[in-house]
Amino acid sequence: ILTIYRRLKISSVLWFYPTVTREQAKAMLSGKDVGTFLVRNSTRVGNFALSVRLPTGWEPIENYLIERGDEGLRLSNAERYFPDLESLITFYIDTPSDGMPCSLVLPHLIATPDSEHVLKAVVRRE
């Protein structure tokens, strides 16, 4: 069985865009389903930004700072640390919290393959 963590590990090229700017992330997520996300490098060196499509009533796209600290990675002002981006994303797929108004959602291309082999083939095609 493919866990969310494993799916994220295999498919990082489909959700991690290190060189994308805040404006580009907004354009990429505009019109997407609520909870759709991408991770990019932050303008704060050594940190990341989590860009998320939010539900009606919120700003359409919000950016959350992912800070790197001695204990790992965390959303800015959150208490919980994670060893890697995949663990952090998995947590926020399962548990909306820390001021995030919705759960993150795995992109369809990542969520639907029923085996690691199929997921790797999807990643290679993209």
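**Close-up views of the predicted model**

**Figure 1. Tryptophan 15 and phenylalanine 37 in the predicted model.** Tryptophan 15 counts as buried, its relative accessibility being 1%. Its ring partner phenylalanine 37 is likewise buried, with a relative accessible area of 4%; both values fall under the 20% limit for that class. A search of the whole structure finds six aromatic pairs. In the pair shown here, the ring centres of tryptophan 15 and phenylalanine 37 are 6.3 Å apart and the ring planes stand at 50°, so the arrangement is classed as tilted. Distant parts of the chain are thereby linked: tryptophan 15 belongs to the loop between helix H1 (4-10) and H2, phenylalanine 37 belongs to strand S1, and 22 residues separate the two. Ring pairs also join Trp15 and Phe37 with Phe16 and Phe48 in a cluster.

**Figure 2. The aromatic pair of phenylalanine 91 and tyrosine 92.** A pair of aromatic rings is described by the distance of the centres and the angle of the planes. For phenylalanine 91 and tyrosine 92, the centres lie 4.9 Å apart and the planes make 90°, so this pair is edge-to-face; the class requires planes over 60 degrees apart. Phenylalanine 91 and tyrosine 92 are both buried.

**Figure 3. Surroundings of threonine 90 in helix H3.** Helix H3 spans residues 85-94 and contains threonine 90. This residue has a relative accessible area of 15% and is therefore buried, the limit being under 20%. When residues up to four places away in sequence are not counted, threonine 90 touches Ile4, Tyr5 and Leu8.

**Figure 4. The open sheet of four strands.** The strands follow the order S1-S2-S3-S4, and their pairing is antiparallel. Strand S1 (37-41) and strand S4 (72-75) occupy the edges; each has a single partner strand, so one side of each lacks a neighbour in the sheet. On average, neighbouring strands are turned by 25° against each other, direction ignored. Within the sheet, S2 (residues 48-53) and S3 (residues 61-69) are joined in the antiparallel sense over six bridges. Arginine 53 stands opposite isoleucine 61 of S3.

**Figure 5. Helices H2 and H3 against the sheet.** Helix H2 (residues 22-29) packs on the sheet and touches S1, S2 and S3. The direction of H2 makes about 165° with that of S1. Helix H3 lies across S1, S2, S3 and S4, and runs at about 35° to S4.

**Figure 6. The protein chain as the setting of the close-up views.** Five helices and four strands make up the secondary structure of the protein chain, and from the N terminus on the elements run α-α-β-β-β-β-α-α-α. The radius of gyration is 14 Å, close to the 14 Å given by the globule rule for 126 residues, so the chain is as compact as a globular protein of that length. Along the principal axes, the C-alpha atoms fill a box of roughly 35 × 35 × 25 Å. Of the 126 residues, 43% count as buried. Among contacts with a separation of 6 or more, 40% involve residues 24 or more positions apart. The protein chain exposes about 7300 Å², of which carbon and sulfur atoms supply 49%.

Terms used: Residues are numbered from 1 along each chain as its sequence is written. This is a predicted model: local features need pLDDT of at least 70, side-chain atom pairs count only at pLDDT 80 or more; totals for chains, interfaces and linings use all residues. Side-chain values use heavy atoms; hydrogens and water are left out. Buried means under 20% relative accessible area, exposed over 50%, partly exposed in between (1.4 Å probe, protein chains only). Contact means heavy atoms within 4.5 Å. Two strands pair if DSSP finds at least two bridges between them. Axes are lines fitted to C-alpha atoms, for helices over the stretch in contact, and angles run from 0 to 180 degrees between N-to-C directions. Rings of Phe, Tyr and Trp (its six-membered ring) pair if their centres lie within 6.5 Å; planes under 30 degrees apart count as stacked, over 60 as edge-to-face and the rest as tilted. The radius of gyration is taken over C-alpha atoms; the globule rule is 2.2 Å times the number of residues to the power 0.38. Accessible areas come from the Shrake-Rupley method with a 1.4 Å probe; for residues, only the protein chains shown count as cover.
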